[in-house]
Amino acid sequence: MTKKTAVAKGQRKVHKVMKEFKEGELKSGPDGKGGPVTSRKQAVAIALSEARKAGAPIPENHSR
């Protein structure tokens with residue numbers, strides 16, 4: 001997989017997750033058993049995590 005393809009795949013994944021959040025369909029926890037996500041920060045964290053799993057070259061968060 002080329003880097004360009006990985007970046008595009010990550011962007012699509014982030015877009016999909018943020019759209020789910022906006023529509024109120026994004027759930028937290030394994031298999032969505034944690035209830036709906038109400039925080040935009042949590043939605044961004046989920047989106048970046050899923051993009052990383054999809055192979056996007058997104059660095060880990062080192063700000064903690």
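Visitor: Which residues is Leu-48 in contact with, leaving aside its neighbours within four places in sequence?
Guide: Those are Val-14 and Ile-58, where contact means heavy atoms within 4.5 Å. A word on the source: this is a predicted model, in which local features need pLDDT of at least 70 and side-chain atom pairs count only at pLDDT 80 or more, while totals for chains, interfaces and linings use all residues. Residues are numbered from 1 along each chain as its sequence is written, and side-chain values use heavy atoms, with hydrogens and water left out.

Visitor: Thanks! And where is Leu-48 found?
Guide: Leu-48 is found in helix H2. Helices are DSSP runs of H or I with at least four residues, strands are runs of E with at least two, and both are numbered from the N terminus.

Visitor: Is Leu-48 buried, exposed or partly exposed?
Guide: Leu-48 counts as partly exposed, at 30% relative accessibility. Buried means under 20% relative accessible area, exposed means over 50%, and partly exposed is in between (1.4 Å probe, protein chains only).

Visitor: How many Å apart in space are Leu-48 and Val-17?
Guide: From C-alpha to C-alpha they are 9.1 Å apart, with their positions 31 residues apart in sequence. Val-44, another residue in helix H2, is 9.2 Å from Phe-21 by C-alpha atoms, and that pair is 23 residues apart in sequence. Val-44 is partly exposed as well, with a relative accessible area of 34%.

Visitor: Let's go inside. Which residues make up the largest nonpolar core?
Guide: There are eight: Val-17, Met-18, Phe-21, Leu-26, Val-37, Ala-43, Ile-46 and Ala-47. H1 and H2 each supply at least two residues of this core. The term stands for a set of buried Ala, Val, Leu, Ile, Met, Phe, Trp, Tyr and Cys residues joined through side-chain atoms within 4.5 Å. In soluble globular proteins, nonpolar side chains tend to be buried together.

Visitor: Pick Met-18. What is it in contact with, beyond neighbours within four places in sequence?
Guide: Met-18 is in contact with Arg-40, Ala-43, Val-44 and Ala-47.

Visitor: Switching to charges: how many salt bridges does a search of the whole structure find?
Guide: The search finds two. A salt bridge here is a side-chain nitrogen of Lys or Arg within 4 Å of a carboxyl oxygen of Asp or Glu. Lys-16 forms one with Glu-20, where the closest N and O atoms are 3.1 Å apart. In the other, the side chains of Glu-60 and Arg-52 meet at 3.7 Å, N to O.

Visitor: Why are Lys-16 and Glu-20 separated by about one helical turn?
Guide: Because they are four residues apart in helix H1. Lys-16 is partly exposed at 44% relative accessible area, and Glu-20 is partly exposed at 22%.

Visitor: What about Glu-60 and Arg-52, buried or exposed?
Guide: Glu-60 counts as exposed, at 51% relative accessibility. Arg-52 counts as partly exposed, at 23%.

Visitor: And how many Å apart are the mean positions of the positive and negative charges?
Guide: They are 6 Å apart, for 15 positive and 6 negative charges. Lys and Arg count as positive and Asp and Glu as negative, while His and the chain ends are not counted. Each charge is placed at NZ of Lys, CZ of Arg, CG of Asp or CD of Glu.

Visitor: On to the loop between H1 and H2. What is the phi of Asp-31 near?
Guide: Phi of Asp-31 is near 60°, a positive value in a residue other than glycine. Most residues other than glycine have a negative phi. Asp-31 sits in the loop between helix H1 (3–23) and helix H2 (40–53), and is exposed at 75% relative accessible area.

Visitor: Ser-28 lies in that loop too, so is it buried or exposed?
Guide: Ser-28 is buried, with a relative accessible area of 12%. Setting aside neighbours within four places in sequence, Ser-28 is in contact with Lys-33, Gly-34, Gly-35, Val-37 and Gln-42.

Visitor: Last one, the chain overall: how many helices and strands are there?
Guide: The chain has two helices and zero strands. Its C-alpha trace spans about 35 × 25 × 20 Å along the principal axes, and buried residues make up 23% of the 64 residues.
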